[in-house]
Structures are given as structure tokens and as C-alpha cells.
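Got the viewer open? Here is a short tour of what to select, stop by stop.

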Amino acid sequence: MKIRTITQVALMTAILIILGLIPGIPVGFIPVPIVLQNLGVMLAGALLGSKKGTLAVFSLLVLVALGCPFLPGGRGGIAVFIGPSGGYLLSYLLCPLIMGKSLKLFSSRKMLVDFAIIWIVGVVFINVCGAIGLTVLTGMPLLKALLSVLVFIPGDTIKSVAAVLVFEKLRANAAFRSSI
Amino acid sequence: MIGQFIPGRSVVHRLDPRTKIIATALWILLLFLTHSIAGFVADTIFLVLITLSSRIPLLVVLRSTKPIIPIVLFTSFFNILYTSGDVIWSAWIFQITKQGIEISAFLSLRILLMVMGSSILTFTTSLTDITSGIESLLSPLERVGVRITDFAMMVTLAIRFIPTLSEEVQKIKDAQRARGASFGSKKITQKIKEVFPILVPLIYSSFRRAFDLTNAIECRCYNQKIKRTKLNPLKYQKRDLFCGIIIVLFFSIIIIIQK
């Protein structure tokens, strides 16, 4: 593994942690506050690609498993993996992998295509995994679980818009591209 | 201090982190092999003894289970109501069975004891030590191509840069505020726009920092092909052997008394 890979993954992991420490932003008509950490997960996949992005999220999850309070709300420890968020955490690991591959395959300088990829992988996929996690871990019927995660869709969609805009802005920057 | 480490000088604190990691793994295995009331009572006694010798307050250990209370209750609820067996009480479509209660109790106990045992590890071992311990224990995987050393380096660097990036966020925020940016607006579109002045420079400067760090590391002759030395190498002590024997004996006894 190149040293550059190590440092970039380390810094992205640190960014994911920072975003998790920022308190959730309450938004008027959305019932759940918007937390920025999964915005970081989307960006990890988009900016670093599938391999490095997955390593960054994996490092975050290892630290959380070791007891660090790096999830939104200061949650950490082995307990969160078998709690209601278990499915989400697993999908955080898969999200950069799929997103990195998809963007490489389909990205064509059209912002709408990039947004579609980021939305499908970063919002729909993550929430479906969250619902499946709820079903597996608590026995809640799948249909009910799917309905309950709908509450996160608006906030996550806003985050995917932000992610695609950040992604486009940074990708257009020549100095940034050369440092990847 | 990052993590959940509670400083202390107890015998548990002073054990080699590798001993504690292996013990925690065995503990989880033991819980899956426990399937009787006597077994769970013995497990609980063992956990209490470990907690007392680590001098971590019992209340702190109990509190570590707080995140999973909802899921334990929820799972218990379903198991009690939907397990077939000897009906104790029934109404409408619901029935409570003896087997359901038993399954729920054992499942709940297993999860709670697992979480509390894992918390003892994180309470008595610093994050740096845990990382070193895991790196050492997983080092045999290097022979099959898994880059354990590189991964340990990633985690260590990430931890090191958390305070640096926190400061960076604050500086960026202040700089943007000085230029007229307002944070804390009520409008939703404004809230989205607030993200960019912070996130774009943060990511950009982080990758510049990664670039500079790469050059600095290489200039200092870091090389993955060369076996590294360690500033604070881990060393087993007599107390690790002693505690290891106690743990193996105790776990063996629990398994035997359940046969």
C-alpha cells in the first residue's frame, strides 16, 4: 500500500469523525435532525474511490467498536452494532465501495448522472440496509421497518445534493485532482 | 481524552492489552456457550469480580448497556409473544409461554453481559494500547497479504488528526464569518449553503495536509518493506500468565458444570 493511500485514508477518517461530532441540525418540517456523518460517508466514496473510501469508513467503524464516541450523539462501543443502527453501520461500509465503482463507470461530467448515483447509493441503499438491519435485529416486520426509515429520506436527499455539489466543486479543482 | 478510557492503576489496567483482547474474545464465546441459569449466574459473578478488581464503578459498567436497552426490550417482547410452548397467559391473539420467557431472558442476559464485558476492555485500556494490541495479535495475517501494519498506521494517524481538524473547522468558520457568512440561519436552502464554506476548504486542506504528510513520512525513511521498531513495545508479564490461567480455568469450569 502506498504511503499516500495511508495518509489520505487517515485524513478522510478524521473528517468522518469530525462530521460525526458536529451536532445534528434541526430543520423545521423534517422530524429528525440532519447529521452530517453520512454526508461524509458519501463523500468518502465519491472523492477517494471504492478502495480508499471503504478503508476510511472501515477505520471509523473499528474505532467505534473500540468504544470511541464518534457516532452522532456521542455513541460508541460494541453496543451500537447490535442496536437499531446496526444495519446503517454495515451499509456505511458498503456505500463507498459501490459508489466509487459506480461513479467510475457511469460518471460523464453530467451533474445529474452523478447526483443519481450518489442518491441511489448514498440514500436509498443506506436506508434500505437500515430497514433490513431493523428487521434482522429486532424482528420488526420488513414493511413496517421500510416505512419507518422513510422519515430519513428528506434529510438524506438534502445531504446528497450537498455531496454532489461538493464533489463537483472539488473535482473541477486541478490542484485537488493532482493531490489525489 | 478520546475513547472511553478511565485511568487507573488496578491490576486489570496493568495487564498487557493483548491479554485483555483475547480474554474479551473468549468471554463472548463463553456467553454463546452458556445456556443454563447456573451458567449465567456464574458468568455474572465473574463479571462482577473483574469489575471490582478493575476499580471501575459498577454503575459506569451498567450504563454502558444503555444504547441497547430498547433493542433488548423489543426483542424480548417478540420472543415472549411469538414462541410456542406451555401457555402461561393468553388474550386475543397474544400468548405468553414459559419457553418464550426463558428464551427472552437468556438472550437479554447474553447481550447485556457481552456489552458490559466489552466495556471493561475499553474502560481499562487506552486507545493507543488497544490499537497496538490488535496490530500485534493480527500480525500473523501479514503472511497472507493483509497489511495490518498499514492499517494500524491509518488508525493512529486518524486519531492524531482529530484535534487538528477540529481546530481547522473552527478557523474556517471564523474566517468565513469575518467575510460576512452567517451560520445558524433558519431557512433550509440557507442551511444547505452553509455547508459549503466549511466542507470544501476542510476537505481541500485535509488533502493538502495528506500530501505534505506523505512527503514528510517518506523523507524520514519510512518504508513498508523494512521491519519497524517500536517506541513502546508490548511485553507480557508474569501477571498476564497468572490472569490467563485463572480465566481459562474459570471458563472451563463454567462449560463443564453445564454438561
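## First stop: a salt bridge in chain B

Select B:E168: with a relative accessible area of 17%, this residue is buried (under 20% relative accessible area; exposed is over 50%, partly exposed in between, with a 1.4 Å probe and protein chains only). Now add B:R209, which is partly exposed at 24% relative accessibility. Their side chains meet in a salt bridge, 3.6 Å from N to O (a side-chain nitrogen of Lys or Arg within 4 Å of a carboxyl oxygen of Asp or Glu). The two sit 41 residues apart, B:R209 in helix 9 (residues 188-219) of chain B and B:E168 in helix 8 (residues 148-178) of chain B, so the pair links distant parts of the chain. Helices here are DSSP runs of H or I, at least four residues, and strands are runs of E, at least two, numbered from the N terminus.

Before moving on: this is a predicted model, where local features need pLDDT (the predictor's confidence in each residue, from 0 to 100) of at least 70, side-chain atom pairs count only at pLDDT 80 or more, and totals for chains, interfaces and linings use all residues. Residues are numbered from 1 along each chain as its sequence is written, chains are lettered from A and ligands numbered from 1 in the order written, and side-chain values use heavy atoms, without hydrogens and water.

## Over to chain A

How many salt bridges are there over all chains? The count comes to two. For the other pair, pick A:D156 and A:K159, whose closest N and O atoms are 3.0 Å apart. Because they are three residues apart in helix 6 (residues 153-171) of chain A, about one helical turn separates them. A:D156 is buried at 5% relative accessible area, and A:K159 is buried at 5% too.

Next, go to A:Q8 in helix 1 (residues 3-21) of chain A. Buried or exposed? A:Q8 counts as buried, at 1% relative accessibility. Its side chain makes a polar contact with the side chain of A:K52, at 2.9 Å (a pair of N or O atoms within 3.5 Å; within protein, one must be able to donate a hydrogen and the other to accept it, and residues adjacent in sequence count only if both atoms are side-chain atoms).

## Last stop: confidence

Color chain A by pLDDT: the mean is 80, and 86% of its residues reach 70 or more. Among its elements, helix 7 (residues 174-179) of chain A has the lowest mean, 64, and helix 2 of chain A the highest, 86. Where pLDDT is low, the predicted coordinates should not be read in detail.
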